[in-house]
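Trainee: Got a minute? I'd like to go through this structure with you.
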Amino acid sequence: MSEQKPLVKVTIDNITIDVAPGTTILNAARTIGGDVTPPAMCYYSKLEGSGGKCRTCLVEVAAGSTADPRPMPKLVASCRTTVMDGMVVKNCTSERVKDARNGVVEFLLMNHPLDCPICDQAGECHLQDLGYQHGKEGTRFEFARRTFEKIDIGPYIQLHMTRCILCYRCTYVADQLTPKRVHGILQRGDHAEISTYIARAIDNDFSGNMIDVCPVGALTDKTFRFKNRVWFTKPVDAHRDCTTPGCCGKTTLWLRGEEVYRVTSRKDEWGEVQSFDGKPGWICNSCRFDHKKATDWVIEGPTVISRHSVISQGHYVGMVKPAETIEKVMDGRTPKLLMDIHSVSEVNTKQEVK
Ligand code: SF4
Ligand code: FES
């Protein structure tokens, strides 16, 4: 039997925990959860090599280790820095971190269009959340924003390059999940962009997972585009016996009434694909794009959504409607002037509010 290495002690925002050696500060903070966990726009625990690109996860190391308790002079990327025994880290308790994160968000939003009202990612966009938490009311950027030639990357995925924050997650999906990567980040600096080689379409069985890992609305589902806002849909967990090798067949269906508007992989509390039997639950394009009928699926029940998410706002589980009082206050008479506009306008007739 291999000898187990002793755990190391790390204190993050005054909470001390023991973690395995080699754990990153970010993953140690995730075991605590809540505000102690730094945001991560490029790190994705199921994608090897991800992280170190966006700097949203910066933290302050107030003491390096028990052996060398000097503070680290600069803020460090928590997704790439491993813990040392006796390390003391500050995230939400550090003014330096808050200030730096505000700056990082300002940089990310420098070129990102503020088109949330028409963006399909609105409601589940990590940059939108960060913008609310750390964004400034105005912009100091006076120059023209980047623009790109529009390119078509295939029948299923819509690329909006102006929204891309160059996190590289989609390239890791292509490298690690598909047999051949046909897209990448071309050019340098301000000109860097996601592109396919000679505008080749991305068409392989697992390409749809790029949509799920994209933290912003740069890669969206063409079959769901402009069809609905996510907070009007009702997410349910479902599965089917999928025969595509590597597909877990476990998904979230986004319903409105009986209609399946979108199929995605199941996400965990960090917005990453959930693991099943120790493996990431990636899904194939057949499950995602070809099975859009509720009868294709065995529905397990409502998806657990954080109550802070805008997606949970429209679903009032266990709601008890107040009793109708109009007749009572009118001494038993039924009003003549009230119209049920829904019977004629069909507004909201499709949505079931639960
Ligand atoms: S398209 Fe999305 S996933 Fe790919 S690099 Fe840009 S932001 Fe990241
Ligand atoms: S999440 Fe650490 S640098 Fe992006």
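Mentor: Sure, terms before strands. Two strands pair if DSSP finds at least two bridges between them. Strands (E, at least two residues) and helices (H or I, at least four) are DSSP runs, numbered from the N terminus.

Trainee: And the ground rules?
Mentor: This is a predicted model: local features need pLDDT of at least 70, side-chain atom pairs count only at pLDDT 80 or more, and totals for chains, interfaces and linings use all residues. Residues are numbered from 1 along each chain as its sequence is written, while chains are lettered from A and ligands numbered from 1 in the order in which they are written.

Trainee: How many helices and strands does the protein have?
Mentor: 8 helices and 15 strands.

Trainee: Which strands does E11 join up with?
Mentor: In the sheet, the order is E12-E11-E10-E15. Strand E11 (residues 250-256) and E12 run antiparallel, joined by 6 bridges. One pair across them is threonine 251 and serine 265.

Trainee: What sits between E11 and E12?
Mentor: 2 residues, in a hairpin. Glycine 257 in the turn has a positive phi of about 65°.

Trainee: Is that sheet open or closed?
Mentor: Open, with 4 strands and antiparallel pairing. E12 and E15 (298-302) stand at the edges with a single partner strand each, so one side of each has no neighbour in the sheet. The twist averages 35° from one strand to the next; axes are lines fitted to C-alpha atoms, and angles run from 0 to 180 degrees between N-to-C directions.

Trainee: How many bridges join E10 to E15?
Mentor: 4, and E10 (residues 234-239) runs antiparallel to E15. Histidine 239 has valine 298 as its bridge partner in E15.

Trainee: Back to E12. Buried or exposed?
Mentor: 5 of its 7 residues (259-265) are buried, so E12 is largely enclosed by the rest of the structure. Buried means 20 or more other C-beta atoms within 10 Å of a residue's own, exposed means 12 or fewer, and partly exposed is in between, with C-beta atoms placed from the backbone.

Trainee: New topic. What is around ligand 1?
Mentor: 14 residues, and Cys164, Cys167, Cys170, Cys214 and Ala218 come nearest. A residue is near if its C-beta atom, placed from the backbone, lies within 6 Å.

Trainee: How does that shell divide by residue class?
Mentor: 13 nonpolar, no polar and 1 charged. Ala, Val, Leu, Ile, Met, Phe, Trp, Tyr, Cys and Pro count as nonpolar, Asp, Glu, Lys and Arg as charged, and the others, Gly among them, as polar.
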